[in-house]
Amino acid sequence: SLDKLEKIKILIVGGGKVKNDIKSEIWELPTKIFATYGMTETVTHIAVRALNKASGYVIDNNHYQCLPNVVLSKDDRDCLVIDALRVAEKAIITNDIVDLVSDTEFKWLGRYDHVINSGGIKLIPELIEKKIQPIMNHRFFVSSIDDDILGDKVILIIEGDHTISNQKILLNQISKIESIHNYEKPKEVYYVKKFIMTATNKIDRNKTKEMILN
């Protein structure tokens with residue numbers, strides 16, 4: 001309800017990523033709009049990230065800022081550790097890989113359980129997806145399949161059938177993206193008619209990938 005959002009002073013958005021086209025539509029709204037970070041274990045949101053001009057968004061700043069009485073650290077996997085005594089008795093160890101800006105501010109990079117080890121190089125699919133997103137017209141995600149040489153081979157999985165894009169042309173377009181490294185480039189493209197979703201309406205990457213392997 002973008003045409004009615006200005007009636008709201010402060011809005012928090014949770015549950016998934018906010019697409020770039022939505023970000024552009026909310027940019028000039030007077031409503032202060034924030035993305036939130038939280039999980040079942042934290043009971044509630046423990047950090048927020050500004051999404052538009054009114055909320056104090058800074059260009060190239062994708063940092064989450066903790067709410068009061070929350071302290072952050074990282075474990076040896078570079079995953080976020082949350083210490084919030086008001087919502088949990090013990091520190092909560094997550095599987096979210098982060099760039100820790102300070103003990104109260106972080107940038108979310110991706111999920112540890114999604115990490116791809118290709119030729120000894122650890123790759124975070126979510127970071128590759130951000131680079132590819134501008135040229136994609138359909139839902140997709142980056143994953144991997146077993147490879148005798150690389151260990152894990154980077155692949156691209158797209159929602160739809162093979163007629164929605166030409167694999168060779170698409171891979172060539174991706175290879176021309178300046179920010180993408182050679183080892184991040186997908187080696188193959190797979191198509192599935194419909195992604196399998198989780199109970200919280202997020203793409204179930206593992207179950208969706210199983211469809212192309214069976």
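Me: If helices are taken as DSSP runs of H or I of at least four residues, numbered from the N terminus, in which helix does Glu126 lie?

Reply: This is a predicted model, and what follows should be read with that in mind. The helical run that contains Glu126 covers residues 125–132. By that numbering, the helix in which Glu126 lies is H2.

Me: Which side chain of opposite charge is nearest to Glu126?

Reply: Glu126 is buried, yet it has no salt bridge. The cut-off for such a bridge is 4 Å between a side-chain nitrogen of Lys or Arg and a carboxyl oxygen of Asp or Glu, whereas the nearest side chain of opposite charge to Glu126 is 4.3 Å away. That side chain belongs to Arg205.

Me: Which residue has its backbone nitrogen 3.3 Å from a polar atom of the side chain of Glu126?

Reply: Although Glu126 has no salt bridge, a polar atom of its side chain lies 3.3 Å from a backbone nitrogen. The residue that supplies this nitrogen is partly exposed, with a relative accessible area of 25%, and its partner in a salt bridge is Asp113. The residue is Arg111.

Me: Which residues are linked in a network of salt bridges with Arg111?

Reply: One salt bridge joins Arg111 to Asp113, with the closest N and O atoms 3.3 Å apart, and Asp113 counts as partly exposed at 47% relative accessibility. Arg111, in strand S8, also stands opposite Asp96. The residues linked with Arg111 in the network are Asp96 and Asp113.

Me: How many residues lie between S7 and S8 in their hairpin?

Reply: Strand S7 also joins strand S6 (residues 79–83), to which it runs antiparallel, over 3 bridges, and Cys79 has Ile97 of S7 as its bridge partner. S7 pairs with S8 (residues 105–111) in the antiparallel sense over 6 bridges. In the hairpin that these two strands form, the number of residues between S7 and S8 is 2.

Me: What is the centre-to-centre distance in the aromatic pair of Tyr37 and Phe106?

Reply: The structure holds 4 aromatic pairs. One of them joins Tyr37 and Phe106, and with 80° between the planes it is edge-to-face. Tyr37 lies in strand S2 and Phe106 in strand S8, so the pair ties together parts 69 residues apart in sequence. Both residues are buried, and the centre-to-centre distance is 5.2 Å.

Me: How many of the residues of S2 are buried?

Reply: S2 pairs with strand S1 (residues 10–13) in the parallel sense over 4 bridges, where Ile10 has Lys32 as its partner. S2 also pairs with strand S3 (residues 45–50), here in the antiparallel sense and over 5 bridges, with Phe34 matched to Ala50. S2 is mostly covered, and the number of its 7 residues that are buried is 5.

Me: What is the approximate phi of Asn69?

Reply: Most residues other than glycine have a negative phi. Asn69, in the loop between strands S4 and S5, has a positive value although it is not a glycine, and Asp78, in the loop between S5 and S6, also has a positive phi, near 70°. For Asn69 the phi is about 65°.

Me: Which residue meets Glu184 in a salt bridge?

Reply: By the distance rule, the structure has 11 salt bridges. In the one that involves Glu184, the N to O distance is 2.9 Å. Glu184 lies in the loop between helix H3 and strand S13 and its partner lies in helix H2, so the pair ties together parts 53 residues apart in sequence. The partner is Lys131.

Me: What is the relative accessible area of Lys153?

Reply: Lys153 forms a salt bridge with Glu188, their closest N and O atoms being 2.6 Å apart. Lys153 lies in strand S12 and Glu188 in strand S13, so the pair ties together parts 35 residues apart in sequence. Glu188 is partly exposed, at 23%, whereas Lys153 is buried, with a relative accessible area of 15%.

Conventions
Residues are numbered from 1 along each chain as its sequence is written. Side-chain values use heavy atoms; hydrogens and water are left out. Two strands pair if DSSP finds at least two bridges between them. Rings of Phe, Tyr and Trp (its six-membered ring) pair if their centres lie within 6.5 Å; planes under 30 degrees apart count as stacked, over 60 as edge-to-face and the rest as tilted. Buried means under 20% relative accessible area, exposed over 50%, partly exposed in between (1.4 Å probe, protein chains only). Lys and Arg count as positive and Asp and Glu as negative; His and the chain ends are not counted. A polar contact is a pair of N or O atoms within 3.5 Å; within protein, one must be able to donate a hydrogen and the other to accept it, and residues adjacent in sequence count only if both atoms are side-chain atoms.
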